[in-house]
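Dear colleague,

Please find below the structure that I am handing over to you. My findings follow directly after it.

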Amino acid sequence: MILTHATLATMTGPAPYGLVRDGAVVVDEGRIAWAGPMAQLPAASGEVVDCGGRLLTPALIDCHTHVVFAGDRAAEFEMRLNGASYADVARAGGGILSTVRATRAADEAALLAAALPRVDALIAEGVAVIEIKSGYGLDTETELRMLRVARRIGLVRPVRVVTSFLGAHAVPPEFAGRAGDYLSEVCLPTLRAAHAGGLVDAVDGFCEGIAFGVDEIAQVFAVARELGLPVKLHAEQLTQSGGTALAAQAGALSADHVEYATAGDAAMMAAAGTVAVLLPGAFYTLRETQAPPVAAFRAAGVPMALATDCNPGSSPMTSLLLAMNMGCTLFRLTPEEALAGVTRHAARALGLTDCGRIAPGLRADLCLWDAEHPAELAYRIGFNPLSRRMIGGAL
């Protein structure tokens, strides 16, 4: 297939957005064979798709989601509007644990049926890769069930799924006050079982006062390292916990949320190659006031990704385009940084090297937009300009 007369945002090279006016892309066997100006298009045979000057970008990547869950937490949304903090809700038995109760009660069919509309909303906005976490089971049976459903999504929808084991998300009620016992008796054995079953691509945790401390997360990371799995971490979301430094020391793919990260953390992340995944949906929903240290990340050269953090409590959002807009308006990212955050840097946050850019040899995961300039994708609110999506060379 030959895509002609497109404005290419390749997300490569020194030019802003890697922009190529009146460009073309040659796709062969699911991969990008060539990309560049129409004037330099090599001889090629195949179906020709005239893009009519539309914007062509890498397909989008949502690198942090919790889309597999049961129930909802609208009541907690109301509680927070009446003055309760996220931590207050969690200590009152709500928060993550309320979703745990609903998710444990749902079978695989119910979890899949609930997740697909959320996944479809992301696909409809040009998403080709979705990271999906476990973490709402907190027992072996339900954690593995969530991961099986996540894998199933990648089979029943035209989307690539990357799974993360998030058993260290919260301490379940039956282990209240015994976080160490939960880790040794449930979380870590379940991680080993998930790995043995081919259900997990990476290992995550929630390092926070209402969840797990640095020493406890270090135990989880040690088992991940033993199994040869990369790690990532929910860190510095609500307080300064030391999680970002731990993530950098462990060579984590990403540290996510990072509102309370410091300039020192940024320097450590840059040295480790750890991506900062910014999650403006949670910042917005929880009405937080401490924004991530974007200037420090820029100064240190830390790649910044953006994601929806789609979950029932703190970010009930299924729009990556909205996350781009929020990243600009709430965190003062530039539109170019926002697009890089859902393409090139999002791929890096998942350890993927075959997508996120328009370049020869990479997967032909592309989006054609009814837009003339890539800044339009972050500029508009509540508007989806997607014309066509390509995944693995298939429109």
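A residue is called exposed here when its relative accessible area is over 50%, and buried when that area is under 20%. Please note that the model is a predicted one.

**Backbone**

With a relative accessible area of 76%, Glu29 is over the 50% limit and therefore counts as exposed. Glu29 sits in the loop that runs between strand S2 (19-28) and strand S3 (31-37). The phi angle of Glu29 is positive, near 50°, although Glu29 is a residue other than glycine.

Val258 also has a positive phi, about 50°, and is not a glycine. The loop that holds Val258 lies between strand S11 (254-257) and helix H9 (263-272). Is Val258 buried or exposed? Its relative accessibility is 0%, which is under 20%, so Val258 counts as buried.

**Surroundings of Val161**

Val161 belongs to strand S8, which covers residues 160-168. The relative accessible area of Val161 is 14%; this value is under 20%, and Val161 is therefore buried. Leaving aside residues up to four places away in sequence, Val161 touches Ile130, Ile132, Ala150, Arg151, Ile153, Gly154 and Asp201. As for Glu131, it stands 30 residues from Val161 in sequence, while the C-alpha atoms of the two are 5.7 Å apart in space.

**Helices**

Helix H3 spans residues 96-104, and its buried residues are Ile96, Leu97, Ser98, Thr99, Val100 and Thr103. Which elements do the buried residues of H3 pack against? They pack against four helices and a strand, namely helix H1 (74-81), helix H2 (86-91), helix H4 (108-123), helix H5 (140-156) and strand S9 (202-207).

Helix H5 also meets helix H6 (residues 179-196): their axes come within 10 Å and cross at roughly 35°. The crossing of H5 and H6 is right-handed. On the H5 side, the contact is made by Thr140, Glu143, Leu144 and Leu147, and on the H6 side by Val186, Thr190, Ala193 and Ala194. Sorted by class, this contact of H5 with H6 has five nonpolar residues, two polar and one charged.

**Cavities**

How many cavities of 30 Å³ or more are found in the whole structure? The search finds two.

The largest cavity holds about 100 Å³ of space. Its lining consists of His66, Tyr86, Ile96, Tyr136, His169, Phe206, His234, Gln237, His257, Asp309, Asn311 and Ser314. Ile96, listed above among the buried residues of H3, is thus also one of the residues that line this cavity. By class, the lining of the largest cavity divides into four nonpolar, seven polar and one charged.

The second largest cavity has a volume of about 60 Å³. Leu3, Val49, Cys51, Leu56, Leu366, Cys367, Leu368, Arg388, Arg389, Met390 and Leu395 line it. Two or more residues of this lining come from each of strand S14 (366-369) and strand S15 (386-390). The lining of the second largest cavity has nine nonpolar residues, no polar ones and two charged ones.

For your own review, the two linings may be set side by side as follows.

| Cavity | Nonpolar | Polar | Charged |
|---|---|---|---|
| Largest | four | seven | one |
| Second largest | nine | no | two |

Yours sincerely

Terms used:
Residues are numbered from 1 along each chain as its sequence is written. This is a predicted model: local features need pLDDT of at least 70, side-chain atom pairs count only at pLDDT 80 or more; totals for chains, interfaces and linings use all residues. Side-chain values use heavy atoms; hydrogens and water are left out. Buried means under 20% relative accessible area, exposed over 50%, partly exposed in between (1.4 Å probe, protein chains only). Contact means heavy atoms within 4.5 Å. Axes are lines fitted to C-alpha atoms, for helices over the stretch in contact, and angles run from 0 to 180 degrees between N-to-C directions. A crossing is left-handed if the near helix is turned anticlockwise from the far one by less than a right angle, and right-handed if clockwise. Ala, Val, Leu, Ile, Met, Phe, Trp, Tyr, Cys and Pro count as nonpolar, Asp, Glu, Lys and Arg as charged, and the others, Gly among them, as polar. On a 1 Å grid over the protein atoms alone, a cavity is a set of points where a 1.4 Å probe fits but cannot get out, and a pocket is an open set with protein on both sides within 12 Å along at least five of seven lines; lining residues have an atom within 4 Å of a point. Grid points are joined across faces, edges and corners, and a volume is the space filled by probe spheres set on the points.
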